[in-house]
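This report goes through a single protein chain, from its overall make-up to a few helices, loops and individual residues. The sequence and the structure are shown first.

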Amino acid sequence: MNLNKKKILTTIYENGPKSRKELSDILGISKTIIGRYIKQFIEENILIEEKETLKGLVGKPQIKLNFKKDFGRVLGIHLSDKEIRGGVGNPLGELLEFDSINLEKLSGELVLEKLLKLIKKFITNYKIEVIALGMNGVVDSKNGVSILSVYYNWKNIQLKKILETEFNIPVILENGTNLMALREKRNGLGKKFKNFIVFNIDEGVGAGIIVEEKLYSGTKFEAGEIGHAPYDYSEDAPICSCGNKGCLETYLANWRVVERVYKEKGMVLVYEEIIHRANKGETYFYKLILSLVKAISHGILWTEYLLNPEGIIITGKITECKDFFGKRFKEY
């Protein structure tokens with residue numbers, strides 16, 4: 001597909017239905033060429049014509065071009081610490097089917113086996129045009145390599161090559177937090193910023209960095225590993241999964257908070273229950289969640305000093321806390 005064709009489809013995908021004239025004005029391509037390509041896209045069942053239906057519209061309604069709902073299927077896969085989640089969608093962003101597989105206590109080899117099994121299930125039912133895969137750890141998105149995943153004990157796994165060889169479908173691989181940053185840029189709070197950071201607190205702690213409206217991954221794809229910034233310098237600081245002591249992640253990661261509750265209270269609770277009890281005002285859990293404010297602020301300051309972004313977007317289950325948390329965070 002030539003560059004102008006790609007520009008037409010990208011413009012409609014990112015900005016919604018557009019008329020031939022609008023496409024010509026936006027892209028600086030002549031109406032004749034736009035018309036020729038649109039005709040081809042319609043014949044190939046990629047685009048359809050839709051009449052504009054604005055109330056109070058005077059005169060003949062404009063004809064807009066949009067993707068056909070049944071054109072192409074994208075398989076989105078997310079590899080987290082405890083499960084693989086997968087969903088099939090169309091170019092309009094509509095979810096057609098979703099499924100997940102539990103990964104707890106599985107080896108890295110079995111994780112890959114489960115991944116292949118889930119993908120096979122989806123491609124049996126749908127004609128998949130592309131597989132987009134987001135995962136934990138350090139990811140070489142250019143070559144589709146999982147450089148390091150602590151959860152699966154993966155090192156330099158050629159995931160793109162493995163999947164494309166198995167299924168003969170193009171594969172895109174990216175770090176999960178980076179994908180969150182791209183999502184915020186396109187459809188979320190980051191739309192109004194050219195430079196911002198997504199500070200994600202989950203089973204790990206990471207940052208997705210947008211610089212001049214583009215994702216920044218660093219020369220070795222390690223940019224944004226803020227969870228491994230030093231925080232606790234004491235001798236008895238907890239050991240991090242990276243091998244160092246006292247990393248930010250050792251205090252903020254969801255599983256670390258769960259572990260802390262077990263050590264201090266002997267209670268086996270999921271993270272959501274801890275948040276729920278804090279929101280109810282139960283003293284121990286309320287104070288526990290507030291104790292995280294200092295560590296989060298430490299991470300925010302690191303990113304602020306290094307990158308000086310226009311905005312920082314905090315994501316993760318911690319954001320489900322009631323106003324007491326946000327108030328203390330702003331005060332701190």
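What share of the contacts in the chain with a separation of 6 or more is accounted for by residues 24 or more positions apart? In this predicted model, such pairs account for 51% of those contacts.

**The chain as a whole**

The secondary structure of the chain comprises 12 helices and 14 strands, and its C-alpha trace spans about 70 × 45 × 40 Å along the principal axes. Of the 332 residues in the chain, 42% are buried. The accessible surface comes to about 18,700 Å², and carbon and sulfur atoms contribute 52% of that area. As for charge, the chain carries 50 positive and 43 negative charges, and the mean positions of these two sets lie 5 Å apart.

**Helices H6 and H11**

Helix H6 runs over residues 176–187, and the distance of 16 Å from its first C-alpha to its last is close to the 16 Å expected for its 12 residues at 1.5 Å a residue. Just before H6, Asn175 caps the N-terminal end of the helix, with a side-chain oxygen placed 2.9 Å from the backbone nitrogen of Thr177. Thr177 is itself buried, as are Gly176, Asn178, Ala181, Glu184 and Lys185 of the same helix. The cover over these buried residues includes strands, among them S6 (130–135), S10 (171–175), S11 (196–201) and S14 (311–316).

Helix H11 has 16 residues, which should span 22 Å at 1.5 Å a residue, and its end C-alpha atoms, 23 Å apart, agree with that expectation. The buried residues of H11 are Leu292, Val293, Ala295, Ile296, Ser297, Gly299, Ile300 and Thr303. Just after H11, Asn308 takes a positive phi of about 45°.

**Two asparagines with positive phi**

Asn308 lies in the loop between helix H11 (292–307) and S14, while Asn168 is found in the loop between helix H5 (159–167) and S10. The table sets out the backbone angle and the accessibility of each.

| Residue | Phi | Relative accessible area |
|---|---|---|
| Asn168 | near 55° | 71% |
| Asn308 | near 45° | 54% |

Each phi is a positive value in a residue other than glycine. Asn168 counts as exposed because its relative accessibility of 71% is over the 50% cut-off, and Asn308, at 54%, is exposed for that reason too.

**Two buried residues**

Is Leu103, in the loop between strand S5 (95–102) and helix H4 (108–125), buried or exposed? With a relative accessible area of 3%, Leu103 falls under the 20% cut-off and is therefore buried. Leaving aside neighbours within four places in sequence, Leu103 is in contact with Ser80, Asp81, Lys82, Glu83, Ile84, Val111, Lys114 and Tyr152. Arg277, by contrast, is 174 residues from Leu103 in sequence and 27 Å from it in space, C-alpha to C-alpha.

Ser24 belongs to helix H2, which covers residues 20–27. At 10% relative accessibility Ser24 counts as buried, because that value is under 20%. When residues up to four places away in sequence are not counted, Ser24 touches Ile29, Ser30, Lys31 and Ile34.

Technical notes: Residues numbered from 1 in each chain as written. Predicted model: local features only at pLDDT ≥ 70, side-chain atom pairs only at ≥ 80, totals over all residues. Heavy atoms only, no water. Helix = DSSP H or I, 4+ residues; strand = E, 2+ residues; numbered from the N terminus. Buried < 20%, exposed > 50% of the residue type's maximum accessible area, 1.4 Å probe, protein only. Contact = heavy atoms within 4.5 Å. Areas by Shrake-Rupley, 256 points an atom, 1.4 Å probe, with all protein chains shown as cover. Lys, Arg positive; Asp, Glu negative; His and termini not counted. Charge placed at Lys NZ, Arg CZ, Asp CG, Glu CD. Expected span 1.5 Å × (residues − 1). Polar contact = N/O pair within 3.5 Å; in protein donor to acceptor, adjacent residues only side chain to side chain.
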